[in-house]
Amino acid sequence: MYNETKHKKVKLILRIIGFSLIGLSIIGAILLIIFYNKIEFILQPLFIFLTILPAFISIPLLFLSFASNIGKYGAKESAIVQKQFLKDMTKDSKEFSKEISSGVKEGMESKGIICPFCKHQNALDAKYCDECGSSLTKRCSKCNQINDIDAKFCKKCGNKLD
C-alpha cells in the first residue's frame with residue numbers, strides 16, 4: 001500500500017545519499033589532482049576508481065529520488081501539447097465544416113439544370129435547354145431509362161452511357 005510519508009522520507013534519503021556521494025567524488029577528485037604525483041604508482045588507479053565510483057552510484061540514486069518530479073513534468077508538457085493539438089484540430093474541423101456546409105447550401109440553392117453545352121440555367125424538370133435546345137438527359141440504350149446529362153452509368157441497370 002502506498003504511504004506518502006514513507007515515500008517522501010525515502011526520496012529525501014536517496015537525495016541526501018546521492019548529493020553526498022557527488023560531494024565525496026568532487027572532494028576525491030580535488031585531492032587526487034593535488035596529491036596525484038605523491039601517490040605510489042600502483043595505488044593511483046585505485047584512487048581514481050574510488051573517486052569516480054561515488055559519482056556513478058549517485059546518478060541512479062538521484063534519478064530515483066527525482067523520478068516522480070520528472071514524470072509529473074513530462075505529463076504536464078504532454079498535456080499542453082495535446083491540448084494545443086486538439087485546439088488546432090477543432091479549429092481546422094470547424095473551418096472544414098463551414099466549407100462543406102457552404103458547398104451543400106450552394107448546391108441546394110441551385111434553381112435548375114445547367115446546360116453542358118451553352119451553360120444556360122434551365123428549370124429542374126427541363127428535358128431540353130431553353131437557350132440552345134440540347135437534350136438535358138441521356139437515355140440508356142439497354143433499359144431505356146432516362147438519366148441526368150452528366151451521368152456516366154444508368155441509374156436503373158448500371159449500363160455505361162454514351
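This report covers two helices, a nonpolar surface patch and the cysteines.

The model is predicted.

**Helices**

Helix α1 spans residues 4–35 and has 32 residues. From its first C-alpha to its last, α1 reaches 46 Å. That is close to the 46 Å expected at 1.5 Å a residue. Which residues of α1 are buried? They are Lys11, Leu14, Gly18, Leu21, Ser25, Gly28 and Leu32. Helix α2 covers residues 44–109, and Ile57 is found in this helix.

**Nonpolar patch**

Ile57 also belongs to a nonpolar patch on the surface. The other members are Phe41, Ile42, Leu43, Leu46, Phe47, Phe49, Leu50 and Leu53. Together, the patch residues have about 910 Å² of accessible area. Ile57 itself counts as partly exposed, because its relative accessibility is 37%.

**Cysteines**

A disulfide is a covalent bond between the sulfur atoms of two cysteines. How many disulfides does the structure hold? The count is zero. The table gives the sulfur distances for two cysteines.

| Cysteine | Closest cysteine sulfur | Sulfur distance | Relative accessibility |
|---|---|---|---|
| Cys132 | Cys115 | 3.7 Å | 38%, partly exposed |
| Cys154 | Cys143 | 3.5 Å | 6%, buried |

Why does Cys132 form no bond with Cys115? Their sulfurs are 3.7 Å apart, which is too far, because a disulfide needs the sulfur atoms within 2.5 Å. The sulfur of Cys154 is 3.5 Å from that of Cys143, so this pair is also too far for a bond. The surroundings are described by accessibility: Cys132 is partly exposed, whereas Cys154 is buried.

Note on methods
Residues numbered from 1 in each chain as written. Predicted model: local features only at pLDDT ≥ 70, side-chain atom pairs only at ≥ 80, totals over all residues. Heavy atoms only, no water. Patch = residues over 30% accessible without salt bridge, like charges linked within 9 Å, V, L, I, M, F, W, Y side chains within 5 Å. Areas by Shrake-Rupley, 256 points an atom, 1.4 Å probe, with all protein chains shown as cover. Salt bridge = Lys/Arg side-chain N within 4 Å of Asp/Glu carboxyl O. Helix = DSSP H or I, 4+ residues; strand = E, 2+ residues; numbered from the N terminus. Buried < 20%, exposed > 50% of the residue type's maximum accessible area, 1.4 Å probe, protein only. Expected span 1.5 Å × (residues − 1).
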